[in-house]
Amino acid sequence: MKWSLTVAAAALLMAPLLALDGDPGMHDPSTVVLHEGKFYSYGTGGGLPISISDDGWTWRRSGTVMQAVPGGRPGQDVIARGGNNTWAPDVIRSGDNYFLYYSAPGTQPKAAIGLLVGKTLDPSSPNYKWEDGGPVVWSDGVEDSNSIDPGVFRDPTNGTLWLSYGSYFGYIRLVQLDPKTGKRLYPNQKPVNVAINGEASIIIFRDGWYYLLMTRGSCCAGANSSYHIRMGRSRKVAGPYLDNIGIDMLQGGGKLFLGSSGRFVGPGHFGLLDLGDGVQKFSLHYEADLDRGGISVLDIRPLLWSDGWPIAGENFKEGTYQIESVRTGTALEMAVQGVPVGGARGGGRGGGRGAPPAGGRGGPPADGRGGPPADGRGGPPADGRGGPPGGGPPGDGRGAAPGVGRGAPPADGQGAPADGRGGGGRGNAPATPVPAQDAAQVSTAWPAGPVDARLSPYMLQAQQKWTIKPAENAGGYPGSPYFRITIAGTERTLAATEDRELVILPAFTGGPEQLWRIDQLADGTYRVMPKGIPNSRESLALSAVGTSMPTLARFDPAIDRQRWSIKTP
C-alpha cells in the first residue's frame with residue numbers, strides 16, 4: 001500500500017532544525033550501526049574516532065579504533081599502498097564479524113582502503129579488538145581514481161557484498177567483496193566505474209532499484225564548503241545509474257537529494273539506518289553547524305520516498321499542531337464540551353453536541369452539531385467515557401427536526417433560507433475575521449482532573465490544538481528527543497494508560513507514559529509512540545479505532561490506522 005507525502009512535512013520545514021545532543025562533532029561519519037542496544041559511528045581523524053549513543057540522540061566520544069589494532073596504526077601493507085592517515089570509514093556486519101573499511105591516503109591521489117575485522121563494536125567487551133585485514137583497493141597516484149571514502153553495501157536480493165569508493169576527481173568505482181573475508185571476491189577483475197566527480201558514495205536498494213548516493217562539491221572549509229548529496233538509480237547493482245531525467249552519473253548526472261539549508265552547511269556522507277517496520281533514517285554530517293560555532297557534526301534524519309526516489313525528511317520540530325488520523329480524517333482532542341469558534345452563530349443543526357457527564361471524562365463533544373435526542377439515543381454512554389460525537393445515526397434524534405429551532409432569518413432578511421441553515425445576512429457591513437480560539441477563552445468549563453481522549457472532526461477548537469515540544473533531560477531516539485504533548489496554552493498532558501488507552505492528565509510530570517516518540521514514515525506521515533506504558537514492556541503506537549476512538553496498538557506498516565498527519569492549525 002502506498003500513500004502520498006502530506007503537507008505536514010512541508011509545514012514542519014518552517015521550524016528550526018534540532019541537532020543531535022551531547023557531543024556529535026564528527027567529520028566523514030560511517031553509517032550509524034545498532035549493536036547490542038547501542039548506536040555506533042566512526043569518523044575521520046587520528047586513529048578513527050569512535051562515537052557511541054545509548055539511544056541515537058545523545059552522543060559521546062569513546063577513544064579511537066586504532067587503540068584496539070596491533071601497532072595502533074594501519075598495517076604495513078596498507079601504508080605501503082596508501083599512507084598512514086585514517087579517514088572516512090564505513091562498517092557492516094557480515095556473519096559473526098564486523099568489517100570496518102577505512103581510507104589510508106598518502107600523497108593524494110595515492111591512497112588505499114584498508115580493512116579491519118572484529119567480533120564486537122563494544123570497547124568495554126572482553127572480546128573487543130580489531131585485526132588488520134590488509135588493503136582492499138588502492139590507487140597509485142596516476143590512475144583516474146582516488147581510493148578513499150569506502151561505502152559498503154549488502155544486496156538484499158542475494159546476499160552479495162559490494163564496496164563503492166572514490167573521491168573528488170575521477171571515477172567512483174565498485175568492486176564485489178567476499179562476505180566471509182571482507183576482501184575482494186575477484187581481485188583480478190577491473191573495478192566497475194559507476195559515477196564521476198563525487199565522493200562518499202554508497203548504494204541502497206528499494207523496490208527493485210539500486211540507488212547510488214554520493215557527495216559533490218568542496219569539503220573541509222567550514223561554512224564555505226559546497227558539499228551536497230546527489231543520486232541516480234539502476235536496475236542492476238553495477239549500473240548504469242541514471243538520474244531523474246535520464247543522465248548517467250558517469251556523464252555528470254545526479255538528482256539532488258540534499259543541499260545546505262537553515263543553519264546547516266554542506267551535507268555529505270549518506271548512510272542508511274533501517275529501524276524496521278517501515279521506519280528508515282539516514283546518517284550524514286554537515287560541514288558546518290552554525291549553532292555550534294561552525295564545527296562539523298553528525299546528524300540523523302528521516303528517509304522518505306516519493307515517485308521512486310528517496311527524499312530527505314526533517315526531524316520533528318517544536319510547535320502547535322492538530323493531530324489527524326490518516327485513516328479516519330478525524331482529529332485527536334480532549335473529550336470536553338466544545339465551544340464553536342466565534343461563538344454560536346444562529347444556525348447549526350441542533351443545540352450542541354451534548355454536555356459532558358458529571359465526572360468530566362468524555363461524553364460527546366459540543367460544537368453545535370446536535371445535542372442528545374429526545375429519546376435519549378446518542379448521548380454519552382453510561383460510564384461517561386467519551387462516546388462517539390453527535391450520538392446515533394441520522395434520523396434518530398440528532399438535534400431538532402428541520403424547521404424547529406434551526407435559526408431564524410436575519411433582521412434584514414438577507415442570506416438565510418427559511419429553515420435557518422444559512423445564518424448569514426450581514427447586509428453591507430464589512431466581514432470581521434473570527435479570531436482563533438485558545439484555551440484561556442474556554443477552559444474554565446473544563447474538568448480539573450484526568451480527561452479521556454477521543455477523535456472528532458477538526459473544528460479549530462482549543463481542545464483540538466496540541467503543543468509538541470522536546471522534554472528536557474528525557475533522552476531520545478535516533479535523530480530526535482522525546483516530546484511532551486500538551487493541550488496548547490495549558491499543562492494538560494497526553495499520556496498512555498495501563499490498559500492501552502489514552503488520557504489527558506492535569507500536568508506533565510515527566511513519566512515515560514507522558515514522553516512521546518514521533519517518527520516520520522516513508523510517505524511523510526507520522527508514527528506516534530509513548531516511551532513506556534505502565535506495567536508493560538510493549539511498544540505500541542497511537543491508533544485510530546473507527547472515527548471517534550483513539551487507542552494504543554502494535555504498529556502495522558501495511559495499514560493506516562497508526563499513521564497520523566500532524567499539521568499546523
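Which residues line the second largest cavity? In this predicted model, local features need pLDDT of at least 70 and side-chain atom pairs count only at pLDDT 80 or more, while totals for chains, interfaces and linings use all residues. Residues are numbered from 1 along each chain as its sequence is written, and side-chain values use heavy atoms, with hydrogens and water left out.

The second largest cavity is lined by Ile323, Ile468, Ile485, Leu494, Ile518, Val528, Leu542 and Ile566. A cavity here is a set of points on a 1 Å grid over the protein atoms alone where a 1.4 Å probe fits but cannot get out, and lining residues have an atom within 4 Å of a point. This cavity holds about 30 Å³ of space, a volume being the space filled by probe spheres set on the points, which are joined across faces, edges and corners.

Ile468 and Ile518 appear again in the largest nonpolar core, where they and Leu332 have the most contacts among its 39 residues. Such a core is a set of buried Ala, Val, Leu, Ile, Met, Phe, Trp, Tyr and Cys residues joined through side-chain atoms within 4.5 Å, with buried meaning under 20% relative accessible area, exposed over 50% and partly exposed in between (1.4 Å probe, protein chains only). A second, separate core of 21 residues includes Met66, Val69, Leu100 and Leu121.

Turning to the cysteines, Cys219 and Cys220 form a disulfide (a pair of cysteine sulfur atoms within 2.5 Å), with an S to S distance of 2.2 Å. Cys219 is partly exposed at 28% relative accessible area, and Cys220 is exposed at 57%.

Technical notes: On a 1 Å grid over the protein atoms alone, a cavity is a set of points where a 1.4 Å probe fits but cannot get out, and a pocket is an open set with protein on both sides within 12 Å along at least five of seven lines; lining residues have an atom within 4 Å of a point.
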